Amino acid sequence: MKHVLYFTADWCNPCQRTRPITDELKREGIIDFLYIDVDTEIELSEQFGIKSIPTYILIEDGVEVKRMNGAKTRQEFLDFMNV
């Protein structure tokens, strides 16, 4: 099973621009995003070595496959997932 850990924060402008796209992809069942607020999930953010947000980590069968950072377009997310 694939899903994407999406490290974000309410105050993050690129996160705010990207959120409608990720919400839409999640709603359509294309990508399963798990939203992680770096301000409340500090330990998890440290565990994954998050240095900037937004950060997206593709997890497949419990293993990190790849990651990307920054505001992205719908197509960039689809490319990231190889959809």
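**Close-ups of salt bridges and helix H3**

**View 1. Arg 74 and Glu 24 pair up through their side chains in a salt bridge, with N and O 2.7 Å apart.** This salt bridge ties together distant parts of the chain: Arg 74 sits in helix H3 (residues 74-81) and Glu 24 in helix H1 (residues 13-27), 50 residues apart. Keep in mind that the model you're looking at is predicted. How exposed are the two partners? Arg 74 has 28% relative accessibility, so it counts as partly exposed. Glu 24 is partly exposed too, because its relative accessible area is 30%. As for the general idea, side chains of opposite charge can pair when their charged atoms come close. Zoom out to the whole structure and you'll find 5 salt bridges.

**View 2. Here Asp 32 and Lys 26 make a salt bridge.** Their closest N and O atoms lie 3.8 Å apart. Buried, exposed or partly exposed: which word fits Asp 32? It's partly exposed, with a relative accessible area of 29%. Lys 26 comes out as partly exposed as well, at 35%.

**View 3. Glu 64 meets Arg 67 in another salt bridge.** Look for the closest N and O atoms, which are 2.9 Å apart. Glu 64 has a relative accessibility of 36%, so it's partly exposed. Arg 67, at 34%, is also partly exposed. Elsewhere, salt bridges with shared partners join Glu 24, Glu 28 and Arg 74 into one network. That brings back the Arg 74 and Glu 24 pair from the opening view.

**View 4. Now for the buried residues of H3: Phe 77, Leu 78, Phe 80 and Met 81.** Where do they sit around the helix? Looking down the axis of H3, you'd see these buried residues fall within an arc of 155 degrees, so they line one face of the helix. Here's a handy bit of background: an α-helix has 3.6 residues a turn, so residues three or four places apart point the same way.

**View 5. Several other elements help cover the buried residues of H3.** Which ones should you look for? The cover includes H1 along with strands E1 (2-8), E2 (33-37), E3 (55-60) and E4 (63-69). H1 is also the helix that holds Glu 24, the salt-bridge partner of Arg 74 in H3.

**View 6. Asn 82 comes just after H3.** What's the thing to spot here? The phi of Asn 82 is positive, at about 60 degrees.

Methods:
Residues are numbered from 1 along each chain as its sequence is written. This is a predicted model: local features need pLDDT of at least 70, side-chain atom pairs count only at pLDDT 80 or more; totals for chains, interfaces and linings use all residues. Side-chain values use heavy atoms; hydrogens and water are left out. A salt bridge is a side-chain nitrogen of Lys or Arg within 4 Å of a carboxyl oxygen of Asp or Glu. Helices (H or I, at least four residues) and strands (E, at least two) are DSSP runs, numbered from the N terminus. Buried means under 20% relative accessible area, exposed over 50%, partly exposed in between (1.4 Å probe, protein chains only). The arc is that of the directions from the helix axis to the C-beta atoms. Contact means heavy atoms within 4.5 Å.
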